[in-house]
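Please load the model in your viewer and display it as a cartoon with selectable side chains. The tour below proceeds stop by stop, stating what to select and what is found there.

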Amino acid sequence: MKSVAELLKLKAKHNQQVHTIAPHQMVLEALMVMAEKNVGALPVLENGVVVGVISERDYARKLVLHGRSSVGTPVSAIMSSPVITVDSHQSVDTCMNIMTDSHLRHLPVVENGQLLGLLSIGDLVKEAIAEQADLIRQLEQYIRGE
C-alpha cells in the first residue's frame, strides 16, 4: 500500500498546490477561494501552523443553518478544530481509517509542523481502487500461469 508521500507525488500538478486561508479572514473570502480553485475545503493556517479546516460542510451547517452572514463571520468561528493531521509516512489504509472513524472528508498532511498537502476522501478511494485492480490483475496472471 502506498504512503501519503507517494500519493501526494502522484496527484496532478494543478492539485498539488494547497490553497489556505487565515482564521481572521471572513468566510466569504474562503468561499471565494474554494469556488475559484474548485476545492471543497481549505486548511486554516495561523503563523504557518494548521489550526483548522474550513469546508463547504462547515459553511452549510455552522453558518447558513444559523442564519449568520458570510461577510461578517471570521473563518475561526466555523472552522473544524482541533484539526486531525497525518504525516507523509502514513499509509493510504491508515488515512482511510482515520477519515472514516472521524467522519472527515479532508485530511491535512503535516511534516515537522509544515503543511505538505491536503488529501480528500476521493484521493484515497481512487488509490485504493487502483491498488485492488492491480492485485486482481496479478492474481489473474498467477492463475493463468503467466
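Is asparagine 112 exposed or buried? Asparagine 112 is exposed, because its relative accessible area is 81%, above the 50% cut-off for that class. The model is a predicted one, and every stop on this tour should be read accordingly.

**Stop 1: two residues with positive phi**

Keep asparagine 112 selected; it belongs to the loop between β3 and β4. Its phi is positive, about 55°, although the residue is not a glycine. Most residues other than glycine have a negative phi.

Next, select histidine 103, in the loop between α5 and β3. This residue, likewise not a glycine, has a positive phi near 55°. With a relative accessibility of 63%, histidine 103 counts as exposed.

**Stop 2: helix α5**

Step back along the chain from histidine 103, which comes just after α5. Select residues 92–102 to display α5, and colour its buried residues, Val92, Cys95 and Met99. Why do they share one side of α5? They cover an arc of only 65° around the axis, and therefore sit on the same side of the helix. In general, an α-helix has 3.6 residues a turn, so residues three or four places apart point the same way.

Now rotate to the face turned away from this buried side, where the exposed residues Thr100 and Asp101 are found. Returning to the buried residues of α5, show their partners: they pack against α1, β3, β4 (114–120) and α6 (121–144).

**Stop 3: helix α6**

Select α6, which has 24 residues. From its first C-alpha to its last, α6 reaches 35 Å, close to the 34 Å expected at 1.5 Å a residue. Within α6, pick out Asp123, Leu124, Glu127, Ala128 and Glu131, which are buried. The elements covering the buried residues of α6 include α1, α5 and β4. Glycine 145 follows α6 and has a positive phi, near 80°.

**Stop 4: the segment before α1**

Select serine 3, located in the segment before α1 (4–10). Serine 3 counts as buried because its relative accessibility is 18%, and the cut-off is 20%. Which residues does serine 3 contact, apart from neighbours within four places in sequence? Its contacts are Ser88, His89, Gln90 and Ser91. For a distance check, add leucine 42: its C-alpha atom lies 22 Å from that of serine 3, and the two residues are 39 apart along the chain.

**Stop 5: a cis peptide bond**

Select serine 81 and proline 82. The peptide bond from serine 81 to proline 82 is cis, with omega near 0°, whereas most peptide bonds are trans. Proline 82 is placed in the loop between α4 and α5.

**Stop 6: the second largest pocket**

Finally, turn on a pocket display. Rolling a probe the size of a water molecule over the atoms shows where empty space is left. The second largest pocket has a volume of about 310 Å³. Its lining comprises 16 residues, and those nearest its centre are Ser55, Ser80, Leu104, Arg105 and His106.

Which element supplies the largest share of this lining? That element is α4, with 3 residues. At least two lining residues come from each of β2 (49–55), α4 (56–63) and β3 (106–111). Colouring the lining by residue class gives 6 nonpolar, 6 polar and 4 charged residues.

Methods: Residues are numbered from 1 along each chain as its sequence is written. This is a predicted model: local features need pLDDT of at least 70, side-chain atom pairs count only at pLDDT 80 or more; totals for chains, interfaces and linings use all residues. Side-chain values use heavy atoms; hydrogens and water are left out. Helices (H or I, at least four residues) and strands (E, at least two) are DSSP runs, numbered from the N terminus. Buried means under 20% relative accessible area, exposed over 50%, partly exposed in between (1.4 Å probe, protein chains only). Contact means heavy atoms within 4.5 Å. On a 1 Å grid over the protein atoms alone, a cavity is a set of points where a 1.4 Å probe fits but cannot get out, and a pocket is an open set with protein on both sides within 12 Å along at least five of seven lines; lining residues have an atom within 4 Å of a point. Grid points are joined across faces, edges and corners, and a volume is the space filled by probe spheres set on the points. Ala, Val, Leu, Ile, Met, Phe, Trp, Tyr, Cys and Pro count as nonpolar, Asp, Glu, Lys and Arg as charged, and the others, Gly among them, as polar. The arc is that of the directions from the helix axis to the C-beta atoms. The expected span of a helix is 1.5 Å times one less than its number of residues.
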